[in-house]
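Me: I've got a model open and I'd like to learn how to read its sheets and its ligand site. Can we walk through it together?

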Amino acid sequence: MKILVTGGAGFIGSNFIFYELEKHPEDSILCVDCLTYAGNLSTLEPVMEQENFSFVKMDIRDREGIFDLFEKTRPDVVVNFAAESHVDRSIENPQVFLETNIIGTSILMDAAKAYGVKRYHQVSTDEVYGDLPMDRPDLFFYEDTPLHTSSPYSSSKASADLLVMAYHRTYGLPVTISRCSNNYGPYQFPEKLIPLMIANALADKPLPVYGEGLNIRDWLYVQDHCKAIDLILRKGRVGEVYNIGGHNEMRNIDIVKLICDELGKPYDLIRHVEDRKGHDQRYAIDPGKIHKELGWLPDTKFADGIRLTIQWYLDHKDWWENIISGDYQKYYEKMYGEGGIH
Ligand SMILES: NC(=O)c1ccc[n+]([C@@H]2O[C@H](COP(=O)([O-])OP(=O)(O)OC[C@H]3O[C@@H](n4cnc5c(N)ncnc54)[C@H](O)[C@@H]3O)[C@@H](O)[C@H]2O)c1
């Protein structure tokens, strides 16, 4: 099987490429990524020389380029990870989120349709469901929960999901969608909560926490997400949405404290900063469908996954220290003021 993976130089896409090449060495992967601030080619170095892997620097908004690539490479399957993915950035500048996450998706699907791709898989997020109240722990997101977004990011992802289902219904494109909860693990860009806290704590810098830090997220180790997507590609039913989550709800503040504990750092590094606009309260996925239909269950418990992740950041300082410089530093200071990563 020839799999075209977009956004494979980012966090989840790169982990998916490593997972697939290991699990299915008979398949080949073509990675397409335009290398935004969040894409890092050095992440893919371990597989760059592998015969069944190739990389093309291309923007999914480049219709002509994408069609040309499909003409030349004829992929069997497309997995679309490429996206602008950071909520805070979408609040600052929504435009590029609409262009990449919606228009880019439509271009990929047009090419998939024109070249008879056997499966188009859209990597989506639990954020399309909006949020749940804190005082109703009995409520969860199901695949048929209405879309009810809060941020420009989640709105762009929900729009893309609607478009994916429309291409299925209107043109018969063989699509699947997965909606996953928050991921953590190796190669996550250090603007996201867990790597940001690890990097700052290691440097004894302040740990900026939105508001009281009481917002709840459902965390999943990235490899468990990759395993779920792999299963959906091979056994999932066309035209279906699958929720992916680990039933592992944690308050942001408890994650930050746990990282402090693991690294032997004091809680007085924690700084409560002004809350994010429209901040979602609680996300909670019910992954019952993927469990029942495809037998998926997460392998990694949070207590183990967070230790693995911290150890990975300790062992790969050169990877993230390179990133925490230049333009990212300017962005960080704008968002969190003084106390940035230096
Ligand atoms: N991180 C999470 O917790 C999470 C959870 C659920 C779903 N998702 C979804 O998973 C996908 C991947 O998320 P991530 O955290 O790995 O994101 P990321 O920001 O780490 O990586 C995104 C990648 O896409 C590339 N990209 C961006 N715009 C592009 C364009 N126009 N053309 C080509 N490449 C482009 C970037 O260079 C980068 O390599 C996204 O679609 C996101 O919505 C993420």
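Reply: Sure, and keep in mind that this is a predicted model. Let's start with one residue pair: Asn80 has Gln122 in β5 as its bridge partner.

Me: Which strand pairs with β5 there, and over how many bridges?
Reply: The general idea is that strands of a sheet pair through backbone hydrogen bonds, either parallel or antiparallel. Here, β4 (residues 77-80) pairs with β5 in the parallel sense, over four bridges.

Me: Which helices pack on this part of the fold, and how are they oriented to β2?
Reply: Look at α3 (residues 63-73), which packs on the sheet and touches β1, β2, β3 and β4, with its direction at about 170° to that of β2. Then there's α1, which lies across β1 (2-6), β2 (28-33), β3 and β4 and also runs at about 170° to β2.

Me: What is the strand order in the whole sheet?
Reply: Read it as β3-β2-β1-β4-β5-β6-β10: seven strands in an open sheet, with parallel pairing. The edges are β3 (53-57) and β10 (240-244); each has a single partner strand, so one side of each is left without a neighbour in the sheet. From one strand to the next, the twist averages 20°.

Me: Now the other sheet. How many strands does it have, and is the pairing parallel or mixed?
Reply: That one is an open sheet of three strands, ordered β7-β9-β11, and the pairing is mixed. Its edge strands, β7 and β11 (249-251), each pair on one side only. Ignoring direction, neighbouring strands in this sheet are turned by 50° against each other on average.

Me: How do β7 and β9 run relative to each other, parallel or antiparallel?
Reply: They run parallel, with three bridges joining β7 to β9 (residues 216-221). For a handle on the register, find Tyr184, which stands opposite Tyr221 in β9. Helix α8 (residues 222-235) packs on this sheet, touching β7 and β9, and its direction makes about 70° with that of β9.

Me: On to the ligand. Which residues are the closest?
Reply: Start with the shell, then look at individual atoms. The ligand is surrounded by 29 residues, and the closest are Ile12, Asp33, Ser85, Tyr153 and Lys157. By class, that shell has 14 nonpolar, 11 polar and four charged residues.

Me: Which elements supply at least two residues of the shell?
Reply: They are α1 (11-23), β5 (119-125), α6 (152-171) and β7 (182-184). The biggest share comes from β5, which gives three residues.

Me: Which atom pairs should I pick out, and how much of the ligand is buried?
Reply: Check the nitrogen and oxygen atoms of the ligand. One of its nitrogen atoms is 3.2 Å from a backbone N or O atom of Cys34, and a nitrogen atom is 2.8 Å from a side-chain N or O atom of Asp59. On the oxygen side, a polar side-chain atom of Ser85 lies 2.7 Å from an oxygen atom of the ligand. As for burial, the ligand taken alone exposes 830 Å², and the protein buries 96% of that.

Technical notes:
Residues numbered from 1 in each chain as written. Predicted model: local features only at pLDDT ≥ 70, side-chain atom pairs only at ≥ 80, totals over all residues. Heavy atoms only, no water. Near = heavy atom within 4 Å. Polar contact = N/O pair within 3.5 Å; in protein donor to acceptor, adjacent residues only side chain to side chain. Areas by Shrake-Rupley, 256 points an atom, 1.4 Å probe, with all protein chains shown as cover. Nonpolar A, V, L, I, M, F, W, Y, C, P; charged D, E, K, R; others polar. Pairing = 2+ DSSP bridges. Axes fitted to C-alpha atoms, helices over the stretch in contact; angles between N-to-C directions. Contact = heavy atoms within 4.5 Å.
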